[in-house]
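Here are a few notes to read alongside the structure. Take your time and find each part in the viewer as you go.

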Amino acid sequence: MNWDDFDAALFDLDGVLTPTADVHMDAWRSMFTRYFTEHGVEPAYTDDDYFAHVDGKPRYDGVRSALASRGVELPEGAPTDEAWAPTVCGLGNAKNHVFSQILAEQGVQAYEGSVRLLDALQERGTAVAVVSSSRNAPVVLAAAGLAHRFEIVVDGEVARATGLAGKPAPDTYLRAAELLGTTAARSVVLEDAVSGVAAGRAGDFGLVVGVDRGAGAQSLRENGADVVVQDLAELIGTPTGGAVTE
Ligand SMILES: O=P(O)(O)OC[C@H]1O[C@@H](O)[C@H](O)[C@@H](O)[C@@H]1O
C-alpha cells in the first residue's frame, strides 16, 4: 500500500491498537458459560461463538446474536438493568463487570507495532481516529497511554448518543471520516473483527486492512479485508510506498 493515496487511518481499538480483544473474549466467555450452564442452553459456549457472533459488535448486539445462535430470545430490558437481570441488557452488563474487573487488575499495554505505525503516520501527517464499538474505549485508551493521540474517537457511547448503527454497519467509520474532513475513498480502515472488516466493505472505504488476531485471515478476507497483516508495523512504508501489497 501507499499511504500517499490516503488522508486518514481509522483504527478499531480492541485487538488493533491494544490486546484488549482478549479481555473482551475472556469476559464474554465467563458470562455466557455461567448463563448457558445455569439455563441449560446447548451446545456450550466456546470462543468460536465469540468470533462468529460477538466480536466487534456493540455490547447488546453481541448478547442478542449469541443468544439467537441457540434459539434463545430475551426481553431487551434497559441499559440501567442490574447485572444478571434476565434481559439482553442485564447479561451485557454482567459481562461488562467482568471486563472492568480484569482491566483494573491487568492494565493495558498497547501493541508495540501499532504504536510504531501511529508514530509513522503522525510524522507523515496522516489524520487518525479511533472507531470502536466499545463504550469502554476512553478508559482503555487512557490506560494504554494513547488518549492524547486521538482527537476523534467514535465509540459505542458516541454511537448510542447520536443514533449511529454499530458495526457491521459502516456508519461509525463514515462519521469518523467525515469528522476528519475526508471521504471513505481516502480513508483506510484497520480492523481485527469480521464485523469490522464488513463495516469497511459496506462503507466502500479506500482500503480495508484486516489484522489477524484470531479471526483468521481467510475469514477476514471473505468478509471485507483487502489485505491481512499479523502486526500493524507491516504497514510502515518507505517514503514512496509501503511494505504490503494487495
Ligand atoms: O465494551 P463494550 O461497550 O461492552 O463493547 C463491546 C465490544 O467492544 C469491541 O471493541 C470489542 O472488539 C468487542 O468484541 C466487544 O464485545
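The points below go from the overall chain to the domains, the ligand and one strand.

1. First, keep in mind that this is a predicted model. The protein chain has 10 helices and six strands, and its C-alpha trace spans about 60 × 35 × 30 Å along the principal axes.

2. How does the radius of gyration of the protein chain fit a compact globule? With 246 residues, such a globule would have a value near 18 Å, and the chain has 18 Å, so the two agree. Of those 246 residues, 48% count as buried. Look also at contacts between residues at least 6 apart in sequence: 58% of them join residues at least 24 apart.

3. Next, the domains. The assignment gives domain 1 as 3-19 + 108-235 and domain 2 as 22-106, so when you colour the chain, remember that domain 1 comes in two pieces of sequence. The centres of the two domains, taken over C-alpha atoms, are separated by 24 Å.

4. Now for where the domains meet. Here 17 residues of domain 1 are in contact with 11 residues of domain 2. On the domain 1 side, the elements giving two or more residues are α7 (156-162) and α9 (194-202). The most come from α9, with three residues. By type, that side of domain 1 has seven nonpolar, seven polar and three charged residues.

5. Which residues come nearest to the ligand? They are Asp-14, Arg-59, Ser-134, Arg-135 and Asn-136, out of 18 residues around the ligand. Two elements, α1 (20-39) and α3 (59-68), each give two or more residues to this shell. Both domains take part, with at least three residues drawn from each. The shell divides into four nonpolar, 10 polar and four charged residues.

6. Last, have a look at strand β5 (residues 207-211). Why can we call β5 largely enclosed by the rest of the structure? Because five of its five residues are buried. In a regular strand, side chains alternate between the two faces of the sheet. In β5, Leu-207, Val-209 and Val-211 lie on one side, with Val-208 and Gly-210 on the other, and both faces are covered.

7. One neighbour of β5 is worth finding too. Strand β4 (residues 187-191) runs parallel to β5, and four bridges join them. To pick out one of these pairings, start at Leu-190 and go to its bridge partner in β5, Val-209. You have already met Val-209 among the buried residues of β5.

How values were computed: Residues numbered from 1 in each chain as written. Predicted model: local features only at pLDDT ≥ 70, side-chain atom pairs only at ≥ 80, totals over all residues. Domains from an automatic or database assignment. Contact = placed C-beta atoms within 7 Å. Nonpolar A, V, L, I, M, F, W, Y, C, P; charged D, E, K, R; others polar. Near = placed C-beta within 6 Å. Rg over C-alpha atoms; globule rule 2.2 N^0.38 Å. Buried ≥ 20, exposed ≤ 12 C-beta atoms within 10 Å, placed from the backbone. Pairing = 2+ DSSP bridges.
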